[in-house]
Structures are given as C-alpha cells and as structure tokens.
Amino acid sequence: MRTDAEHVAARLAAIQARIGAARLEAEPSVRADRVRVVAVTKYLETEQMLELRAAGLELFGENRAQAALAKLEAFATQPPERQPLEWHFIGTLQGNKVRQVVGRFQLIHSVDRLELAEELSREAGNRGLVQPVLLQVNVSGEASKHGFTEDGLTELWPRLRRLEGLRLDGLMGMAAAEGDAGAEFRRLRQLRDRLDPERGQLRELSMGMSGDFGEAVHEGASLVRIGTYLFSEEAGT
Ligand SMILES: *Cc1c(COP(=O)(O)O)cnc(C)c1O
C-alpha cells in the first residue's frame, strides 16, 4: 500500500480520466449528473490516511463499524485540511452497532434488510436526526452477497419509504467477481428507475469498485467505491 499524496493523486487522476471517458460513452438518459469517488480506507491505519485529503480525496468509506469509529475519533483531533468532507459507511452493519453509527456517517450505503432499516429509523427518530442511507440490492444473486432481492425491494418499497428518520438517497450494489458486471449494474439502475421514475428521491447509485468502476459509470453510477486501485503499488487495474 502507498498512501503518500503523490502516488494517490496520480491514481485519482487516472480514475477520474476513466470516469470521464465512461460518462461520455454512457447514454445521456443514463449518465449521472456527477460521479464521486469514495476512497475505501478499510485497508489503512489512521496514520496512513493523513495525506489523503492533500491528494484530493474528499469522501472516505469504511466497512467495519469499530475500526471506522476509532478512525473518526482519531481524525477529530486532526487539522481541518486533513479531515475528509464526508465519512461513508459501506459494510455490513450489525443491529447492535446501529446506535453507534447513526448520525456519525453522512451516508450509510449498506442497508440490506428491512429490520436494519427499521432499527436505523427508530434510533434516528429517538435522536431527532435524519440519517441518509442507500438500500443495498443483491444484483448478482450470489449467496455470499448481502442485500434485498430485486423483487423483495419492490415489494417492501412502500414500507421503506414511509420510515421516519431515514432519507433514502439511492441504491447500492456489487457485481459478481466473475460475470457480466455491466448487466448487473444495469439491472440496479433499472430497478431504481422503476421505484422512482422521476429520480426525485433515489438519486444515488453506488456501484463499481477497483475492478469494474468503468462499467458502473457507463451504467449510471454516481458513487464509485475504490480502495485497491488508489493505494496499491501495482500498476494498472
Ligand atoms: C472493500 C470494498 C470496496 C473496495 O474494493 P476495491 O476492490 O479494493 O476497490 C468497495 N465496496 C465495498 C462494500 C467494500 O467492502
């Protein structure tokens, strides 16, 4: 892993060039208004994250609550120019962590079941907060992946959208390692367009990682979650 500003800024520039090209190739009706890079920092210790803002990264994404909260606390004592603009939570969230994460992350990407949505709603409501979230969909259908099924989410959507204390900003999905990532991302976008044809509420599509973010942007991703390619020393994706 290399986390100095020079290396990371060069990788970010390469990612942005690729995103720009993929946006241009995308159908205008599919293209997101803007694509933001979530720097997935789960591989890094806090001390390795201090130059990331200087390299141009603004959003940090973490997948484990305990580690993420420790980093948030450590960053609170850092000068503002080192702090990310936003912390996102992207990993599987256990019910017993709900109290600790509500209100601490600008966006939780990984609401993968009704009970979790209800618990987040209750906790946010108790604290008088509104927690922005994405609903995670298992578009690849793999047993190892979390998330609502497409039919399940369609059925639960009327209930989910009535939950107070949550702001449902969009959908999140992961493609199978082997498979047609583009087709899986397209299904996620089509599901969003069925649930919210005006795109008035579900504006965000969080899809694409180091190996497939080009395909994701081509299919309308507005948030790409990238770790390995930003920080690895190896050339190319
Ligand atoms: C680790 C992780 C990523 C980043 O994956 P890379 O292949 O390292 O870019 C993205 N999303 C989630 C949910 C992750 O856990």
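# A tour from a loop to the helices

Begin by selecting asparagine 63, which sits in the loop that links β2 (59-62) to α2 (65-76). Keep in mind along the way that this is a predicted model. Asparagine 63 has a relative accessible area of 24%, so it counts as partly exposed. Now show what surrounds this residue. Setting aside residues up to four places away in sequence, asparagine 63 touches Lys42, Phe89, Ile90, Gly91 and Thr92. Add histidine 88 to the selection and draw a C-alpha to C-alpha distance: asparagine 63 and histidine 88 are 8.7 Å apart in space, with their positions 25 residues apart in sequence.

**Into the nonpolar core**

Next, go to the largest nonpolar core. Which of its 66 residues touch the most other members? Select Leu120 and Leu160, and you have them. To see the element that gives the most to this core, colour helix α1 (residues 5-25), which supplies 6 residues.

Stay with leucine 120 and display its contacts. Apart from neighbours within four places in sequence, leucine 120 is in contact with Leu93, Val98, Val102, Ile108, Val111, Val133 and Leu166. There is also a second, separate core of 6 residues, and Val38, Leu59, Leu107 and Leu134 are among them.

One of the contacts of leucine 120 makes a good next stop: Val133. Valine 133 is found in strand β5 (residues 131-137). Is this residue buried or exposed? Its relative accessibility is 0%, so valine 133 counts as buried. Show its partners, again without neighbours within four places in sequence: Leu107, Ile108, Val111, Leu120, Leu166, Arg167, Leu168, Asp169 and Gly170 are in contact with valine 133. For another distance to draw, pick methionine 172: from C-alpha to C-alpha, valine 133 and methionine 172 are 9.7 Å apart, while in sequence they are 39 residues apart.

**Helix α4 against helix α5**

Now switch to a cartoon view for the helices. Two packed helices are described by the angle between their axes and the distance between the axes. Select helix α4 (residues 114-127) together with helix α5 (residues 150-160): their axes come within 11 Å and cross at roughly 15°. Angles under 35 degrees count as roughly parallel, and α4 and α5 are therefore roughly parallel to each other. The crossing of α4 and α5 is right-handed.

Turn on side chains where these helices meet. From α4 come Leu114, Ala117 and Glu118, and facing them from α5 are Leu156, Arg159 and Leu160. Coloured by class, the residues of this α4 and α5 contact divide into 4 nonpolar, no polar and 2 charged. You have already visited Leu160, as one of the two residues that touch the most other members of the largest nonpolar core.

**On to helix α6**

Keep α5 selected and add helix α6 (residues 181-195). The axes of α5 and α6 come within 11 Å and cross at roughly 15°. As a consequence, α5 and α6 are roughly parallel to each other, and their crossing is right-handed. To see the contact, select Glu150, Leu153, Thr154 and Trp157 of α5 with Arg187, Leu191, Arg194 and Leu195 of α6. This contact of α5 with α6 has 4 nonpolar, 1 polar and 3 charged residues.

**Last stop: arginine 199**

Finally, follow the chain to arginine 199, in the loop between α6 and β7 (204-207). Check its backbone torsions here: arginine 199 has a positive phi of about 50°, although it is not a glycine. With 27% relative accessibility, arginine 199 counts as partly exposed.

Note on methods:
Residues numbered from 1 in each chain as written. Predicted model: local features only at pLDDT ≥ 70, side-chain atom pairs only at ≥ 80, totals over all residues. Heavy atoms only, no water. Axes fitted to C-alpha atoms, helices over the stretch in contact; angles between N-to-C directions. Helix = DSSP H or I, 4+ residues; strand = E, 2+ residues; numbered from the N terminus. Parallel < 35°, antiparallel > 145°, perpendicular 65-115°, else oblique. Left-handed = near helix turned anticlockwise from the far one by under 90°. Contact = heavy atoms within 4.5 Å. Nonpolar A, V, L, I, M, F, W, Y, C, P; charged D, E, K, R; others polar. Core = buried A, V, L, I, M, F, W, Y, C linked by side-chain atoms within 4.5 Å. Buried < 20%, exposed > 50% of the residue type's maximum accessible area, 1.4 Å probe, protein only.
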